[in-house]
Structure formats: C-alpha cells, structure tokens
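Q: Hi! I have a protein open on my screen and would like to talk it through. Could you help me read it?

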Amino acid sequence: MSSRIIPRMSAPFRAKTSNLPSPIYGSLTCGHNQESPKPTKSTVARLFKALSNRRNLIEGMKLHAYAQSIGFVTDPLITSSIISFYGR
C-alpha cells in the first residue's frame with residue numbers, strides 16, 4: 001500500500017504514550033499502575049471504532065502506538081480494528 005493511504009508512524013507516535021490526551025486515554029494509561037485495572041482488548045477495539053467514526057487520524061495513531069506498547073496488536077480483534085480504522 002502507498003504511504004499516502006497509511007502513513008508511517010513517526011518515532012514520537014511509536015515511543016511516546018505519555019502524551020495521550022487524558023479524556024480518552026486516562027483510564028488506559030493508569031492501567032500500568034498495579035492498583036488500577038489494565039484495559040481489555042475489547043476496550044481498545046471500541047476506542048478504534050469511536051475514533052474512526054470521528055475520523056480522528058492523529059488520536060488513532062496514538063492509540064495504535066499504545067496498543068503496540070502493551071502487546072495487543074497480535075490479537076485478531078485489535079488487528080481487525082486497526083485495519084478498519086485506517087481504511088475509513
């Protein structure tokens with residue numbers, strides 16, 4: 001596929017998840033704290049759907065980086081959600 005359709009994720013999107021906006025990702029980023037529950041794969045998949053409906057590419061790319069950082073991208077549900085997100 002052309003890089004115009006699916007842009008490559010730059011280093012800040014791949015490496016940084018701390019700059020995720022708190023309204024959407026606040027509960028996800030606190031999942032790294034042992035006192036808070038981690039997000040489920042279903043939660044992350046639904047966020048991809050919500051962001052795709054809003055056509056919010058930048059936030060979706062940040063969520064993609066977050067999903068990679070916690071190892072969710074190997075799951076078929078997440079992979080499908082990512083493909084659907086970039087396809088819209």
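A: Happy to! One term to begin with: helices (H or I, at least four residues) and strands (E, at least two) are DSSP runs, numbered from the N terminus. Also keep in mind that this is a predicted model.

Q: Ok, so how many helices and strands are there in the protein?
A: The protein has five helices and zero strands. Going along the sequence, the pattern reads α-α-α-α-α.

Q: And how much of the protein is buried?
A: Of the 88 residues, 34% are buried. Here buried means under 20% relative accessible area.

Q: What about contacts, how far apart in sequence are the partners?
A: Take the contacts between residues at least 6 apart in sequence: 70% of them join residues at least 24 apart.

Q: Let's look at a helix pair. How do people describe two packed helices?
A: They give the angle between the two axes and the distance between those axes.

Q: Then what are the angle and the distance for α3 and α5?
A: Helix α3 (residues 41-53) and helix α5 (residues 76-87) pack at about 5 degrees, and their axes are 9 Å apart. Because angles under 35 degrees count as roughly parallel, α3 is roughly parallel to α5.

Q: Which residues meet there?
A: From α3 you have Lys 41, Ser 42, Val 44, Ala 45, Phe 48, Leu 51 and Ser 52. Their partners in α5 are Leu 77, Ile 78, Ser 81, Ile 82 and Phe 85. Sorted by class, the contact of α3 with α5 has eight nonpolar, three polar and one charged residues.

Q: Can we zoom in on Leu 77? Which residues does Leu 77 touch?
A: Leaving out residues up to four places away in sequence, Leu 77 touches Lys 41, Ser 42 and Ala 45. The C-alpha atoms of Leu 77 and Ala 45 are separated by 6.8 Å, with their positions 32 residues apart along the chain. Leu 77 is found in helix α5 and is partly exposed, with a relative accessible area of 42%.

Q: What lies 2.9 Å from the backbone nitrogen of Leu 77?
A: A polar atom of the side chain of Asp 75. Asp 75 is placed in the loop between α4 (57-69) and α5.

Q: Is Asp 75 buried or exposed?
A: Asp 75 counts as buried, at 17% relative accessibility.

Q: New topic: rings! How many aromatic pairs are there?
A: The count comes to two aromatic pairs. One of them joins Phe 48 and Phe 85, with ring centres 5.9 Å apart and planes at 55 degrees, so this pair is tilted. Phe 48 sits in helix α3 and Phe 85 in helix α5, so the pair ties together parts that are 37 residues apart in sequence.

Q: And which residues form the edge-to-face pair?
A: That is Phe 85 with Tyr 86: 5.1 Å from centre to centre, and 70 degrees between the planes. Phe 48, Phe 85 and Tyr 86 form one aromatic cluster.

Q: Are those rings' residues buried or exposed?
A: Phe 48 is buried, with a relative accessible area of 1%. Phe 85 and Tyr 86 are both buried too, with Phe 85 at 6% relative accessibility.

Q: Back to Ser 52. Which residues is Ser 52 in contact with?
A: If you set aside neighbours within four places in sequence, Ser 52 is in contact with Phe 85 and Arg 88. Ser 52 lies in helix α3 and counts as buried, at 4% relative accessibility.

Q: And Arg 46, exposed or buried?
A: Arg 46 is exposed, with a relative accessible area of 63%. Arg 46 is found in helix α3, and its C-alpha atom is 8.0 Å from that of Ser 81, 35 residues apart along the chain.

Q: Last one, the loops. Where does Arg 55 lie?
A: Arg 55 lies in the loop between α3 and α4 and counts as exposed, at 66% relative accessibility. Most residues other than glycine have a negative phi. Arg 55 is not a glycine, yet has a positive phi of about 55 degrees.

Q: And where is Pro 39?
A: Pro 39 lies in the loop between α2 (22-29) and α3. Pro 39 is buried, with a relative accessible area of 11%.

Terms used:
Residues are numbered from 1 along each chain as its sequence is written. This is a predicted model: local features need pLDDT of at least 70, side-chain atom pairs count only at pLDDT 80 or more; totals for chains, interfaces and linings use all residues. Side-chain values use heavy atoms; hydrogens and water are left out. Axes are lines fitted to C-alpha atoms, for helices over the stretch in contact, and angles run from 0 to 180 degrees between N-to-C directions. Angles under 35 degrees count as roughly parallel, over 145 as roughly antiparallel, 65 to 115 as roughly perpendicular and the rest as oblique. Contact means heavy atoms within 4.5 Å. Ala, Val, Leu, Ile, Met, Phe, Trp, Tyr, Cys and Pro count as nonpolar, Asp, Glu, Lys and Arg as charged, and the others, Gly among them, as polar. Buried means under 20% relative accessible area, exposed over 50%, partly exposed in between (1.4 Å probe, protein chains only). A polar contact is a pair of N or O atoms within 3.5 Å; within protein, one must be able to donate a hydrogen and the other to accept it, and residues adjacent in sequence count only if both atoms are side-chain atoms. Rings of Phe, Tyr and Trp (its six-membered ring) pair if their centres lie within 6.5 Å; planes under 30 degrees apart count as stacked, over 60 as edge-to-face and the rest as tilted.
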